[in-house]
Amino acid sequence: MCSKSLDLPSALHLYDDALASSLSLNLHLYNSLLYLCSSFPHPLGLQRGFQIFSRMSADPSVVPNEATFTALARLAAADKNPRLAFQYVLQMYSSGIPPKLRSYGPALFGFCENRDLDGAREVEAHMDASGVVPEEAELAALFKLFSESGNADEVYRILHRMRVLVRRVSESTAEILERWFESDVAAEVGVEDWDEKKVKEGVIKGGGGWHGQGWLGNGRWCVGRSEMDGNGVCQKCGERLVCIDIDPNETEDFARSLSALACQREAKDDFSRFEEWLDRWGPFDAVIDAANVGLCNQRDFNFHQLKSVVNGMRESSPLKKLPLVILHNRRVKGGPANSPNNKALIDSWRKAGVLYVTPHGSNDDWYWLYAAVKCKSLLVTNDEMRDHLFELLGTSFFPRWKEKHQVRLSFSRRGLSFHMPPPYSIVIQESEQGSWHMPTTVGDDIETPRQWVCVSRDAASDLSLADPRLIQMKS
């Protein structure tokens, strides 16, 4: 209870009472105490934390785990000692306990705060060797460290790691990126003449959207915020963003992993039957998450709204094919499904082989997601796909796939609107001319335009201040 309420004094009082009464503590209680002590970076918490660990180490019945070492790393970092924090990670690793991202954080952030380049590189290298993938916070800290130290090569490297692992940046990270490009050091890096053939080869090899050949151009960068038009043309500099291809083999691998996960989480026979049905009736040009569509802006399930979306997607299909409708069995029995019109609609979809009714106790999400990936089709849903199920996928492929396949909907007085996947990739992009475009998490391209950081060497390319005819020519 003290741990939940972050009540360190009461926890220490209980701990002292336990010792006075010769009561033994288990691993969970020790970890709770260490967590509390590491959450209070003042002398009392630090001193008592290390004392508690010393006592814990003397008890042969208590074996430290990942939470123990992570709490110790936090204690060391709070004591302004990132080197000791990293030593605890190494001790954990040598004990056969795989460190987690949170285990590395105290040492990494501590080294970055101390501007210790070697220490930060050492932690990053150990993370990579351990298969621990940094997230935005860790990469932003590294970027800030290397940019403030004027290490342009490391800045370039970390920016590309962000492109792969983060794709779009938060406002705080965007400001760190902007400060680098606005700096005197950034203005001095880069080459005036470069091998265009090598740059093009880099773009082709990388799949588009980057070349990896280093900083191109010279002189001060023109830095500002921008938006993209419907074709992916930057409204500030006039450059067109590219659509980065997805490797077909990655899609096949993802479909197989989805099937394996679904069979673990669902009744295996139920999902296997669905796979067989899909092989028989598919492929489809689009798959509809019918529960999400039928309940969008509605209190009760609306078959008329679902029908409008089905017909709209049929019209957008090159061969005018009906999309696949995934519905849970409780949606086709009782309630709105009992009306004559809706019964007829459901029957017509069944006969056309475009309705799959998922069984009782199943989770629709596995079915419509697998079908869309397997068929390489569009997926119609407003579901942001951020819950626990999608976290299980644990892959950088999923957000890339979703960006290129998800169709979102909006309903207004003017009627139904389909928001198709953009014809460009919403990811940090490096152009063949050396400019950069970095999407932020501000805006979502539907309700409000997404904000991008636009960075170019050519100040004259700021089309927001230029002749409108020039925008038309460049786009």
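Helices, runs of at least four residues, and strands, runs of at least two, are assigned by DSSP and numbered from the N terminus. The model used in these exercises is predicted.

**Exercise 1. The chain as a whole**

Find how many helices and strands there are in the chain, and describe its extent and burial.

Solution.
1. Counting the elements gives 21 helices and ten strands.
2. The C-alpha trace spans about 75 × 65 × 40 Å along its principal axes.
3. A residue is buried if its relative accessible area is under 20%. Of the 475 residues of the chain, 48% meet this condition.
4. The accessible surface comes to about 23,500 Å², and carbon and sulfur atoms supply 50% of that area.
5. Take the contacts in the chain with a separation of 6 or more: residues 24 or more positions apart account for 69% of them.

**Exercise 2. A pair of helices**

Describe how helix α2 and helix α4 are placed relative to each other, and which residues meet.

Solution.
1. Two packed helices are described by the angle between their axes and the distance between the axes.
2. Helix α2 covers residues 27-38 and helix α4 covers residues 66-78; their axes come within 9 Å and cross at roughly 20 degrees.
3. Angles under 35 degrees count as roughly parallel. The two helices, α2 and α4, are therefore roughly parallel to each other.
4. The crossing of α2 past α4 is left-handed.
5. On the α2 side the contact is made by L27, N31, L34, Y35, C37 and S38, and on the α4 side by A67, T68, A71, L72, R74 and L75.
6. Sorted by type, the residues of this contact are eight nonpolar, three polar and one charged.

**Exercise 3. Backbone exceptions**

Locate the cis peptide bond that joins G282 and P283, and examine the positive phi values of L6 and R115.

Solution.
1. Start from the general pattern: most residues other than glycine have a negative phi, and most peptide bonds are trans.
2. The bond between G282 and P283 is cis, with omega at about -5 degrees. P283 sits in the loop between α14 (268-281) and β2 (286-289).
3. L6 has a phi near 55 degrees, a positive value although the residue is not glycine. Its place is in the segment before α1 (8-20).
4. The relative accessibility of L6 is 40%, so L6 counts as partly exposed.
5. R115 is likewise not glycine and has a positive phi, near 60 degrees. R115 belongs to the loop between α6 (101-113) and α7 (117-129).
6. Exposed means over 50%. R115 has a relative accessibility of 53% and therefore counts as exposed.

Technical notes. Residues are numbered from 1 along each chain as its sequence is written. This is a predicted model: local features need pLDDT of at least 70, side-chain atom pairs count only at pLDDT 80 or more; totals for chains, interfaces and linings use all residues. Side-chain values use heavy atoms; hydrogens and water are left out. Axes are lines fitted to C-alpha atoms, for helices over the stretch in contact, and angles run from 0 to 180 degrees between N-to-C directions. Angles under 35 degrees count as roughly parallel, over 145 as roughly antiparallel, 65 to 115 as roughly perpendicular and the rest as oblique. A crossing is left-handed if the near helix is turned anticlockwise from the far one by less than a right angle, and right-handed if clockwise. Contact means heavy atoms within 4.5 Å. Ala, Val, Leu, Ile, Met, Phe, Trp, Tyr, Cys and Pro count as nonpolar, Asp, Glu, Lys and Arg as charged, and the others, Gly among them, as polar. Buried means under 20% relative accessible area, exposed over 50%, partly exposed in between (1.4 Å probe, protein chains only). Accessible areas come from the Shrake-Rupley method with a 1.4 Å probe; for residues, only the protein chains shown count as cover.
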